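Visitor: I would like to learn how to read charged side chains in a model, beginning with how open a residue is to its surroundings. Could you take me through it step by step?

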Amino acid sequence: MASTRRTSKCSPLKEQRVQIASLLKTPLKEGESWYLISTKWFSNWKKYVGYEDQANMGESKYPGCIDNSSLLREDGRLRKNVVEELDYVIVPSAAWEKLSAFFGVAANQQPIERKVIKHGVYSKSCKIELYLMDFNLGLLCQPGHAITQEFSRTDQIGYVHWKIRKLFKIDPSRETRVWNRFMSNTYEQLGDHDNTVQEASLYQGQVILLEVREKDGGWTRKKDSSGGYTESDLAQYRREETPQGEKMVSVMEGLHGDFATFLQQRETEYKQQEEMLSDSFNRFVYQAKVRFGEEEKSLNERQEELNERDRVLRQLENDYQQRSDALEEEWKKLNEEKVDFNKNCMEKEEQFRKERQEFREMCETREKDLDDKKQEIEKREEELETEKRQMLEVNKIQSNKIKLDVGGNLFSTSMTTLTKEADSMLAVMFSGRHPLKTDDDGSYFIDRDGTHFRYVLNYLRDGGVKEGTLPTDAQILKEIRNEAEYYQLEGLGKTIDDMMANLGDEAEED
């Protein structure tokens, strides 16, 4: 953000306080820029302008340049786990421009600008995007050479494309395309440049590669021959990035006249207060002498009290040592008694074992015939019970058949299967508490990729994951894990996490 130079005279502290207080009431709006300021500096500013105590306006120390060093790491990025109000406050861009123009920004510090984004699955609300996303940027022809850059979730794909071209100094006339790499041989072209990073479903640590059209007019990935973009095609996404040094020069030029005017105003006030301060200082010195005498007497009394406590503590320490020695002796005796007791227990246990063995052999002979008959009856009962449950389940499924359209893929299942896990999204959806609309063919539409939905249905039908029913490919498992998280199936998600962990262990062993 370019700095705004102030040309008017310095506003009084009261006017500054009123202006900033009004701007701080600005509501969050998606896409707007807000700025982070250290709570420590902001608290000093509030004291200086009398934000909460107007009677003491101007009495506190001048806060100096805006200093966010407590929020930043050595590389200039935002520290992890910072807490709003405790570590930082957020101000709208208009408030930041006024504060930075009046006080300036500490040397070698970039403003911490953050965008307002929509957040939430069902109920969207505005929030500050505190931490940006790291992308690994590189060239398709040199995938091993990557540069890590931060991007906002509101940044458009066109800006990411332009940024990669700038980093790798691509000839403005050469056409380029950008690819999202999932695995070593799995790529997805990022063609819609108006999409934001969030809309494109990019994730932290994503690898994004730039493909440059070859001089003969062909592309490295020959399977897709769609057109590319030149520097002029990406002009609408370009951003001017002014170095911090130039920003500081602009700010300091604007501050020079303001600060001189401010000093003149303050000099007059200081002269008026000098006589009052002199009298106050003399009274303070007299009162301090009296107070110091009282404090010295109090300290002497306190020292005597501490000496007495020290004597008592030494006596308690001696008593504790004596009791500790007595307890240690008693412990030794208890250990000896424990050895004798264990020996007697072992003898009794051996005698009991022999008697129990004899009784068991006698009982086994009598129970053998009964067990055979009992097992035969139980087996028959289990078969009948299993057959009964299966028929009841079949009848129940046939009476509440449901047809689903998941991303264009049709699935047939039952209400029983969909509501098997009460805490899942599907159970809530078909609980009857919420009205649902059907398509013309009577199906319920779910806006998800239906490629892996059969794994979700099999998990609900079987009441868990059967061995061998899930693929062992790590990428596919991640995609299924994403579906399990969307449908809120914790059991399926945990099973996939365990499988991925085992795959990682096997890979390390290999």
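Guide: Let us begin with glutamate 305, which counts as partly exposed because its relative accessibility is 34%, a value that falls in the class between under 20% for buried and over 50% for exposed. Please keep in mind throughout that this is a predicted model.

Visitor: Which residue forms a salt bridge with glutamate 305, and how far apart are the closest N and O atoms?

Guide: The partner of glutamate 305 is arginine 309, and the closest N and O atoms of the pair are 3.0 Å apart, where the cut-off for a salt bridge is within 4 Å. Arginine 309 is itself partly exposed, with a relative accessible area of 46%.

Visitor: Where do glutamate 305 and arginine 309 lie with respect to one another along the helix?

Guide: Both belong to helix H5, and because they are four residues apart, about one helical turn separates glutamate 305 from arginine 309.

Visitor: What is the spacing in helix H5 between glutamate 383 and arginine 380?

Guide: Those two are three residues apart in helix H5, which again is described as about one helical turn. Glutamate 383 and arginine 380 form a salt bridge whose closest N and O atoms are 3.5 Å apart, and glutamate 383 is partly exposed, its relative accessible area being 40%.

Visitor: Which side chains meet in a salt bridge in helix H10?

Guide: In helix H10, which covers residues 490-509, lysine 494 and aspartate 498 lie four residues apart, about one turn of the helix, and their side chains meet in a salt bridge at 3.4 Å, N to O. Lysine 494 counts as exposed at 53% relative accessibility, whereas aspartate 498 is partly exposed, with a relative accessible area of 38%. Elsewhere, Arg77, Asp134 and Glu150 are joined into one network by salt bridges that share partners.

Visitor: How many salt bridges does the structure hold?

Guide: There are 19 salt bridges in the structure.

Visitor: Which residues gather in a patch of negative charge on the surface?

Guide: A patch is built from residues that have over 30% relative accessible area and no salt bridge. Here a surface patch of negative charge brings together Glu355, Glu358, Glu361, Glu364, Glu367, Asp369, Asp371, Asp372 and Glu376.

Visitor: Is glutamate 376 buried or exposed?

Guide: Glutamate 376, which is found in helix H5 (residues 244-399), is exposed, with a relative accessible area of 59%.

Technical notes
Residues numbered from 1 in each chain as written. Predicted model: local features only at pLDDT ≥ 70, side-chain atom pairs only at ≥ 80, totals over all residues. Heavy atoms only, no water. Patch = residues over 30% accessible without salt bridge, like charges linked within 9 Å, V, L, I, M, F, W, Y side chains within 5 Å. Areas by Shrake-Rupley, 256 points an atom, 1.4 Å probe, with all protein chains shown as cover. Lys, Arg positive; Asp, Glu negative; His and termini not counted. Charge placed at Lys NZ, Arg CZ, Asp CG, Glu CD. Buried < 20%, exposed > 50% of the residue type's maximum accessible area, 1.4 Å probe, protein only.
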